[in-house]
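Please examine the structure shown here, and then follow the questions and answers below.

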Amino acid sequence: MFTDDIQAFLKRHNYIKVEPRAALIDMDGTLYDSMRFHSRAWHMMCSEAGIPSEEDEFFMYEGRTGASTINLLFDRTYGHNATEDEIKRLYHRKTEIFQEIASVEKMPGAEDLLLFMQQIEMQRILVTGSGQRSLIDRLEKDFPGSFSSETMITARDVVHGKPHPEPYTMAMKLAKVQPWQCVVIENAPLGVAAGDAAGAFTIGVTTGPIPREELEKAGAALVFDSMEELAEKFPILVYSLITTSRNFN
Ligand code: MG
């Protein structure tokens, strides 16, 4: 199962095989069903500040740092970047609105997937563009034993947000693995692009309005329709990865 997709990935990255020892996992829209609240909060903040925006466009920016999204909006609206003060104020306001409106649930399937990883002693690193403590603090309660503060790369750790490979490259260093020794799990095109640019076997999961073609275009090695489907098929995927070597014929 998955052999053709694995072969295509090995060929594209010029690897002999993938032996996954670590899973580098995105948070919003992957472990938590939080993206619709983020989009709404961005859109509400923009409306308050008089910056034109569409609620759904923020799904496409998922993974960027807050500063980068604000600069994108400023550049489009005013033709220049925001000042440090504007970035701080507007991102703070977006965070406030998010905390007011969000009633965030775990993504169905996420817990089963993490439990399987724990069972097979696959390392888990959280890689998120978010710097919001409210969700990061919930991880231990919602997914006990899966992550610790030492196994996270957040917005506070990186200079470049996704789609730059830096967050995933840092996560590989933290896990002490090479790119061919990990998988990335992502729901957003920019996150998928970051994982693929870092050289990882990047699994896309469609959990929102973004169609699977966008994740494939961004470089996903495989795309699943839900975290539940990924949780169900992950054991066979791991088996297929470790038993498939590049076919040079
Ligand atoms: Mg995400």
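**Helices, burial and a surface patch**

Student: Is Ile 87 buried or exposed?
Tutor: Ile 87 has a relative accessible area of 14% in this predicted model. A residue counts as buried under 20%. Ile 87, which lies in helix α5, is therefore buried.

Student: Which helix holds Thr 95, and is Thr 95 buried or exposed?
Tutor: The place of Thr 95 is in helix α5. Its relative accessible area is 15%, and the cut-off for buried is under 20%. Thr 95 of α5 is therefore buried.

Student: How is the packing of helix α2 and helix α5 to be described: roughly parallel, roughly perpendicular, roughly antiparallel or oblique?
Tutor: Two packed helices are described by the angle between their axes and the distance between the axes. Helix α2 (residues 35-49) and helix α5 (residues 84-101) pack at an angle of about 130 degrees, with axes 8 Å apart. Angles of 65 to 115 degrees count as roughly perpendicular and those over 145 as roughly antiparallel, so α2 is, relative to α5, oblique.

Student: What is the C-alpha separation of Thr 95 and Gly 131?
Tutor: Thr 95 belongs to helix α5. In sequence, Thr 95 and Gly 131 are 36 residues apart. From C-alpha to C-alpha, their separation in space is 9.7 Å.

Student: Which residues make the nonpolar surface patch of about 330 Å²?
Tutor: One of them, Ile 236, lies in helix α12 (residues 227-243). Ile 236 is partly exposed, at a relative accessible area of 33%, and patch residues need over 30%. The patch is made by Met 1, Ile 236 and Tyr 239.

How values were computed
Residues numbered from 1 in each chain as written. Predicted model: local features only at pLDDT ≥ 70, side-chain atom pairs only at ≥ 80, totals over all residues. Heavy atoms only, no water. Patch = residues over 30% accessible without salt bridge, like charges linked within 9 Å, V, L, I, M, F, W, Y side chains within 5 Å. Areas by Shrake-Rupley, 256 points an atom, 1.4 Å probe, with all protein chains shown as cover. Salt bridge = Lys/Arg side-chain N within 4 Å of Asp/Glu carboxyl O. Helix = DSSP H or I, 4+ residues; strand = E, 2+ residues; numbered from the N terminus. Buried < 20%, exposed > 50% of the residue type's maximum accessible area, 1.4 Å probe, protein only. Axes fitted to C-alpha atoms, helices over the stretch in contact; angles between N-to-C directions. Parallel < 35°, antiparallel > 145°, perpendicular 65-115°, else oblique.
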